[in-house]
Amino acid sequence: ELELAEMPEATRSALGGDIDEMGRMIDEYLDFARGDAGESPEPVDLDALLADIVSDYERSKRNVRYDDHETITLMIRPQAIRRALTNLIDNALRYGGNTAVLALEQSATFVRIKITDAGKGIAEVEHENVFKPFTRIEPSRNNETGGVGLGLSIARAIAQHHGGDVTLENQRDATGAIQGLEVTLRLPKAVQPSA
């Protein structure tokens, strides 16, 4: 109907943008509602998964780096964890100076995947609020500067279904000034994804 309606081109373009935005919101909401249902857990080499994700970003000329290589195999839902990680990396690229650095660490009981950017960080008082569905700190409707506020919610829900979590920590220099944000996806080594 929009294509057939008579109106100025600027109005048609603005309405087309609104329709595209609604489509993206619906797609993100459906991803959020679906969660990781239907996918069976399987043993996955996290190092290989991270290297594969980074190579996808490198092919599209995006600045994502992963230097640590350590073989760690966990029982996870691979597509769900991939979705969580790409949401976190996309946020780092969008809000963190167009750069993301990944690191893989392990302790006796947990594996941590850290995504660090070089952006302005997030005020500590907002650290829990940003995980609420449809919450955005950057209020514009500009697709270049923000999504619909579900990326972190989806990532945390996926991590929690695996018995883990997603946390945020501002990175500070010696003077205390924020020089980036570190987002950590933590998974227990004895992962038992919930139904």
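Among the contacts in the protein chain that join residues at least 6 apart in sequence, 67% link residues at least 24 apart. These values refer to a predicted model, in which buried residues account for 40% of the 195 residues of the protein chain. The secondary structure comprises four helices and seven strands, and, read from the N terminus, the elements follow one another in the order α-β-α-β-β-α-β-β-α-β-β.

Helix α2, which covers residues 46–59, contains 14 residues, and the distance of 20 Å from its first C-alpha to its last is close to the 20 Å expected at 1.5 Å a residue. The buried residues of α2 are Leu46, Asp47, Leu49, Leu50, Ile53, Val54 and Tyr57. Viewed down the axis of α2, these buried residues fall within an arc of 165 degrees and therefore line one face of the helix. The partners against which the buried residues of α2 pack are the strands β1 (42–45), β2 (64–66), β3 (73–76), β4 (100–106) and β5 (110–116), together with helix α3. At the N-terminal end of α2, the cap is provided by Asp45, a side-chain oxygen of which lies 2.9 Å from the backbone nitrogen of Asp47; Asp47 itself is one of the buried residues of the helix.

Beyond α2 the chain continues with Lys61, whose phi is positive, near 60 degrees, and this positive value occurs in a residue other than glycine. Lys61 is placed in the loop between α2 and β2, and because its relative accessible area is 77%, above the 50% cut-off, Lys61 is classed as exposed.

Helix α3, formed by residues 78–95, has 18 residues, which at 1.5 Å a residue should span 26 Å; the end C-alpha atoms are 26 Å apart, in agreement with that expectation. The buried residues of α3 are Pro78, Ala80, Ile81, Arg82, Ala84, Leu85, Asn87, Leu88, Ile89, Asn91, Ala92 and Leu93, a list that includes Arg82, Asn87 and Asn91 alongside residues such as Leu85 and Ile89. After α3 comes Gly97, with a positive phi near 75 degrees. A positive phi, near 60 degrees, is also found for Asn98, a residue other than glycine. Asn98 is situated in the loop between α3 and β4 and, with a relative accessible area of 56%, is exposed.

In the later part of the chain, Glu182 lies in strand β7, which extends over residues 178–188. The relative accessibility of Glu182 is 13%, and this residue therefore counts as buried, given that the cut-off for burial is under 20%. When residues up to four places away in sequence are left aside, Glu182 touches Lys114, Ile115 and Thr116, and also Thr167, Leu168, Glu169 and Gln171. Of these partners, Lys114, Ile115 and Thr116 fall within the range 110–116 assigned to β5, a strand that is also among the elements packed against the buried residues of α2.

With respect to aromatic side chains, a search of the whole structure returns zero aromatic pairs. An arrangement of a charge over a ring is nevertheless present, since Arg186 lies over the face of Phe110 at 4.5 Å from the ring centre, within the 6 Å cut-off applied to such cases.

Methods:
Residues are numbered from 1 along each chain as its sequence is written. This is a predicted model: local features need pLDDT of at least 70, side-chain atom pairs count only at pLDDT 80 or more; totals for chains, interfaces and linings use all residues. Side-chain values use heavy atoms; hydrogens and water are left out. Rings of Phe, Tyr and Trp (its six-membered ring) pair if their centres lie within 6.5 Å; planes under 30 degrees apart count as stacked, over 60 as edge-to-face and the rest as tilted. A charge sits over a ring if NZ of Lys or CZ of Arg is within 6 Å of the ring centre and within 35 degrees of the ring normal. Helices (H or I, at least four residues) and strands (E, at least two) are DSSP runs, numbered from the N terminus. Buried means under 20% relative accessible area, exposed over 50%, partly exposed in between (1.4 Å probe, protein chains only). Contact means heavy atoms within 4.5 Å. The expected span of a helix is 1.5 Å times one less than its number of residues. The arc is that of the directions from the helix axis to the C-beta atoms. A polar contact is a pair of N or O atoms within 3.5 Å; within protein, one must be able to donate a hydrogen and the other to accept it, and residues adjacent in sequence count only if both atoms are side-chain atoms.
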